[in-house]
Amino acid sequence: MPALCHAARAASDITKQLLSFSRREIGHAVDVPIDEVLVHLAKVLVRLLPRDIAVEVSAASGAWAHIDRSQLEQVIVNLALIPVVMFYVLRDWEMIWDR
């Protein structure tokens with residue numbers, strides 16, 4: 001049951017991110033424990049990234065940031081996924097040009 005509640009919260013946060021982006025809203029900054037966010041996102045990234053990419057988290061305990069949590073999560077996910085997506089795009093592009 002806790003996993004279901006956590007997944008529902010994550011879905012709610014993503015929906016809020018999309019709505020705030022479309023409305024160009026500024027997020028609600030609070031003190032966020034960075035290590036907690038990274039540990040949570042590591043579990044998400046393991047599912048999103050290809051199996052040949054290892055996800056390792058190394059964060060100083062007690063590190064905090066005054067930021068909107070969902071925006072911080074979005075930045076971390078983007079930093080992890082964009083290079084992977086670009087790798088596959090460029091690889092496919094090279095395959096097309098090699099034909």
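In what order do the elements of the protein chain run from the N terminus on? In this predicted model, the order is α-β-α-β-α. The secondary structure thus amounts to three helices and two strands. Of the 99 residues in the protein chain, 19% are buried. The accessible surface comes to about 7,900 Å², and carbon and sulfur atoms contribute 64% of that area. Contacts may be considered next: among those in the protein chain with a separation of 6 or more, 88% are between residues 24 or more positions apart.

Helix α3 deserves a detailed description. This helix covers residues 69-98, and because each residue should add 1.5 Å, its 30 residues should span 44 Å; the C-alpha atoms at its two ends are indeed 44 Å apart, in agreement with that expectation. The helix nevertheless bends by about 30° at leucine 81, and proline 83 follows within four residues of that position.

Which residues of α3 are buried? They are Arg69, Ser70, Leu72, Glu73, Ile76, Val77 and Val84. Two charged residues in this list can be followed individually. Arginine 69 has a relative accessibility of 18%, and because the cut-off for a buried residue is under 20%, arginine 69 counts as buried. Glutamate 73, with a relative accessible area of 8%, is buried as well.

Side chains of opposite charge can pair when their charged atoms come close. How many salt bridges does the count come to? The count is three. In one of them, the side chain of arginine 69 meets that of glutamate 36, with an N to O distance of 3.3 Å. This pair links distant parts of the chain, since arginine 69 belongs to helix α3 and glutamate 36 to helix α2 (residues 34-48), 33 residues apart. Glutamate 36 is partly exposed, at 44% relative accessibility, whereas its partner arginine 69 is buried.

Arginine 69 also forms a salt bridge with glutamate 73, where the closest N and O atoms are 3.2 Å apart. Here both residues lie in helix α3, four residues apart, which is about one turn of the helix. A further salt bridge brings together the side chains of aspartate 92 and arginine 91, at 3.4 Å from N to O. Aspartate 92 counts as partly exposed at 34% relative accessibility, and arginine 91 is likewise partly exposed, with a relative accessible area of 36%. Through shared partners, salt bridges join Glu36, Arg69 and Glu73 into one network.

The nonpolar surface remains to be described. Which residues make a nonpolar surface patch of about 850 Å²? The patch is made by Ile82, Val85, Met86, Val89, Leu90, Trp93, Ile96 and Trp97. Valine 89, one of these residues, lies in helix α3. Its relative accessibility is 43%, so valine 89 counts as partly exposed.

Taken together, helix α3 contains buried residues, among them Ile76 and Val77, and also valine 89, a member of the nonpolar patch. Helix α3 is further linked to helix α2 by the pair of arginine 69 and glutamate 36.

Definitions and conventions. Residues are numbered from 1 along each chain as its sequence is written. This is a predicted model: local features need pLDDT of at least 70, side-chain atom pairs count only at pLDDT 80 or more; totals for chains, interfaces and linings use all residues. Side-chain values use heavy atoms; hydrogens and water are left out. The expected span of a helix is 1.5 Å times one less than its number of residues. The bend at a residue is the angle between axes fitted to the seven residues ending there and the seven starting there. Buried means under 20% relative accessible area, exposed over 50%, partly exposed in between (1.4 Å probe, protein chains only). Patches are made of residues with over 30% relative accessible area and no salt bridge: like charges are joined within 9 Å, nonpolar side chains (Val, Leu, Ile, Met, Phe, Trp, Tyr) within 5 Å. Accessible areas come from the Shrake-Rupley method with a 1.4 Å probe; for residues, only the protein chains shown count as cover. A salt bridge is a side-chain nitrogen of Lys or Arg within 4 Å of a carboxyl oxygen of Asp or Glu. Contact means heavy atoms within 4.5 Å.
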